[in-house]
Amino acid sequence: MYIEFKLPQGAGGQAAAWANRILNNALHDWSDRYQIPYNTKVVKYTKRITFDDDRHYEFFALTWSPKTEHSFWINYRIIRDLNNKT
């Protein structure tokens, strides 16, 4: 299981890098606030977040409150892929 954020494309990858940096800061703040560790992985223009405990995915969905001026913070989904643990 993992959370997937779509990063914006364009500007030779600079838009994705900028969005990834902002998303990293927001995830770090969320993790510090709730004391929940996470792992990230970027695959093409998709950022994946994983937790060690499956209960944290629901908690993330309930507590993640993005700033609306950044649409990539809002557009995420929880993927349940039993074959892909990374």
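Colour the chain by secondary structure and follow it from the N terminus: the elements run β-α-β-β-α-α-β. That comes to three helices and four strands. Keep in mind that this is a predicted model. Of the 86 residues, 36% count as buried. The chain exposes about 5700 Å², with carbon and sulfur atoms supplying 48% of that area.

**Stop 1: the sheet**

Select the four strands. They make an open sheet in the order β2-β3-β1-β4, and the pairing is antiparallel. Now look at the two edges: β2 (39–43) and β4 each have a single partner strand, so one side of each is left without a neighbour in the sheet. From one strand to the next, the twist averages 25°.

As a reminder while you look, strands of a sheet pair through backbone hydrogen bonds, either parallel or antiparallel.

**Stop 2: two strand pairs**

Show β1 (2–6) and β3 (46–50) together. Four bridges hold this antiparallel pair. Pick F5 to see one place where they meet: its bridge partner in β3 is K47.

Next, add α1 (14–34) to the view. This helix packs on the sheet, where it touches β1, β2 and β3, and its direction makes about 15° with that of β3.

Now switch to β2 and β3, which run antiparallel and are joined by five bridges. Here T40 has I49 of β3 as its bridge partner. The two strands form a hairpin with two residues between them, and K44 in the turn has a positive phi of about 55°.

While you are in β2, click on V43, which belongs to this strand. Is V43 buried, partly exposed or exposed? Its relative accessibility is 30%, so V43 counts as partly exposed. Draw a distance from its C-alpha atom to that of K6: the two are separated by 9.9 Å, although the residues lie 37 apart along the chain.

**Stop 3: helix α2**

Select residues 55–63, which form α2, and show side chains for the buried ones: Y57, F60 and T63. Why do these three lie on the same side of α2? They cover an arc of only 140° around the axis, which puts them there together. Rotate to the face turned away from that buried side, and you will find the exposed residues R55, E58 and L62.

What do the buried residues of α2 pack against? Their packing partners are β1, α1, β3 and β4 (76–79).

**Stop 4: the core**

In soluble globular proteins, nonpolar side chains tend to be buried together. To look at this here, turn to the largest nonpolar core, which has 15 residues; I3, F5, F51, F60 and W64 touch the most other members. At least two core residues come from each of β1, α1 and α2. The largest share, six residues, is supplied by α1.

Finish by centring on I3 and showing its contacts. Beyond its neighbours within four places in sequence, I3 is in contact with K47, R48, I49, F51, Y57, F60, Y76, R77 and I78. Two of the names you met at earlier stops are among them: Y57 and F60, both buried residues of α2.

For a last view, zoom out to the whole chain. Among contacts between residues at least 6 apart in sequence, 61% join residues at least 24 apart.

Note on methods: Residues numbered from 1 in each chain as written. Predicted model: local features only at pLDDT ≥ 70, side-chain atom pairs only at ≥ 80, totals over all residues. Heavy atoms only, no water. Buried < 20%, exposed > 50% of the residue type's maximum accessible area, 1.4 Å probe, protein only. Arc of directions from axis to C-beta. Contact = heavy atoms within 4.5 Å. Pairing = 2+ DSSP bridges. Axes fitted to C-alpha atoms, helices over the stretch in contact; angles between N-to-C directions. Core = buried A, V, L, I, M, F, W, Y, C linked by side-chain atoms within 4.5 Å. Areas by Shrake-Rupley, 256 points an atom, 1.4 Å probe, with all protein chains shown as cover.
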